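Please look over these notes on the aromatic contacts before you go further. They run point by point.

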Amino acid sequence: MTTKPVRVLTGHRPTGPRHIGHLVGTLTSWAALQSEHECIFLLADLHVLTTDYQHPDRIRTNTLEVLTDWLAAGIDPEQAAIALQSAIPEHSQLALLLGMLVSDARLRRMPTLKEAVKELNIKTSLGLLTYPVLQAADILLYKAILVPVGEDQLPHIEVAREIARRFNLFYGQTFPEPEALLSSVPRLPGTDNRSMHTSYGNAILLRDSPEETTRKIMGMYTDPARIHANDPGHVEGNPVFTYLDQFDPDEAEVADLKARYRAGKVGDVEVKMRLAAALNEYLCPLRERRTKLAGQTGYLMDVLRDGSLKAGEIARQTFNEARQAMGLILAKELDLKP
Ligand code: TRP
């Protein structure tokens, strides 16, 4: 890990099973980064509590499920560290310190906060308000340079950058300013053409069987203006074609289907069947890996333990440095821990 100069940190909130939107939007690009960079992938289970604190029974299962999906998608624990946020107390501890450097007004203005409150119909707890501060701690704790995220996370990265600058200004150069690394793949719509969300019932999950996948594809939203198979159809904004562009490697075939669709010379059923075949083919290696992982809780725990120990070492160093810089020097002098 030490020979790779650029450190990358990113993570997911383990709220439920991952879907094909996560796969093409984030997981595939994470997997591509891990051989070149020192990567830490964080299962941000503390962040889950900011919205789902009423369901403590779900977190363990969801976290192991997300880990399984990550590994099936090609995240390699030999190359990257996979860390459990709640197992490394320095995340919470650094968040408390960094909280001194950001105003409540700044946090109240976050678009992500407004959206969560509106979408989930919840109140702004102190925990939810400080979500971006905890995320800044996740990033700065590892002095990460690059943070691969979706566009929706940019406001959070900006807060992390501001906090890093303020910290450095007050206490001396400590944290590099992290930079967001945006995925080049545009967001995949859900099967109903809204944004893809496990809770909307419009997601194709990585754990779905080929049959389940085909069933979901056959029920997909297409061109609502098209009533008969020989009506000219719309390709743009039609999620069936967005998926085909993403998952069917046979470009000539996709071009042909589009031309025939526009001319009213192919029915939705045929296009969807072609898509189902292409997607199932695309998911084949992932499913093979996933089948091997099923029931391997011992192995999953080893992966988490290993990654959390590795990450924890870095976290402890940075936290001590930050605590000292902020003047809390007596704690170290006391030297309570062996
Ligand atoms: N907030 C991120 C999301 O919802 C998850 C996350 C938590 C994260 N900590 C992070 C992402 C640190 C990048 C870096 O997707």
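1. This is a predicted model. It contains nine aromatic pairs. One of them joins Phe 170 and Tyr 171. Their ring centres are 5.8 Å apart, and the planes meet at 70 degrees. That makes the pair edge-to-face, because the planes are over 60 degrees apart.

2. Are the two residues of that pair buried or exposed? Neither label fits: Phe 170 is partly exposed, at 47% relative accessible area. Tyr 171 is partly exposed as well, at 29%.

3. A second edge-to-face pair is Phe 241 with Tyr 261. Here the centres lie 4.8 Å apart, with 65 degrees between the planes. Phe 241 belongs to helix α11, residues 239-247. Tyr 261 belongs to helix α12, residues 251-262. The pair therefore ties together parts that are 20 residues apart in sequence.

4. Check the burial of this second pair. Phe 241 has a relative accessible area of 1%, so it counts as buried. Tyr 261 is also buried, with a relative accessible area of 1%. The cut-off for buried is under 20%.

5. Tyr 261 has a charged neighbour too. Arg 226 lies over the face of the Tyr 261 ring, 4.1 Å from the ring centre. A further case is Arg 194, whose charged end sits over the ring of Tyr 200. The distance to that ring centre is 4.3 Å.

6. Back to Phe 170 and Tyr 171. Which cluster do they belong to? Ring pairs link them with Phe 167 and Phe 175.

Conventions:
Residues are numbered from 1 along each chain as its sequence is written. This is a predicted model: local features need pLDDT of at least 70, side-chain atom pairs count only at pLDDT 80 or more; totals for chains, interfaces and linings use all residues. Side-chain values use heavy atoms; hydrogens and water are left out. Rings of Phe, Tyr and Trp (its six-membered ring) pair if their centres lie within 6.5 Å; planes under 30 degrees apart count as stacked, over 60 as edge-to-face and the rest as tilted. Buried means under 20% relative accessible area, exposed over 50%, partly exposed in between (1.4 Å probe, protein chains only). Helices (H or I, at least four residues) and strands (E, at least two) are DSSP runs, numbered from the N terminus. A charge sits over a ring if NZ of Lys or CZ of Arg is within 6 Å of the ring centre and within 35 degrees of the ring normal.
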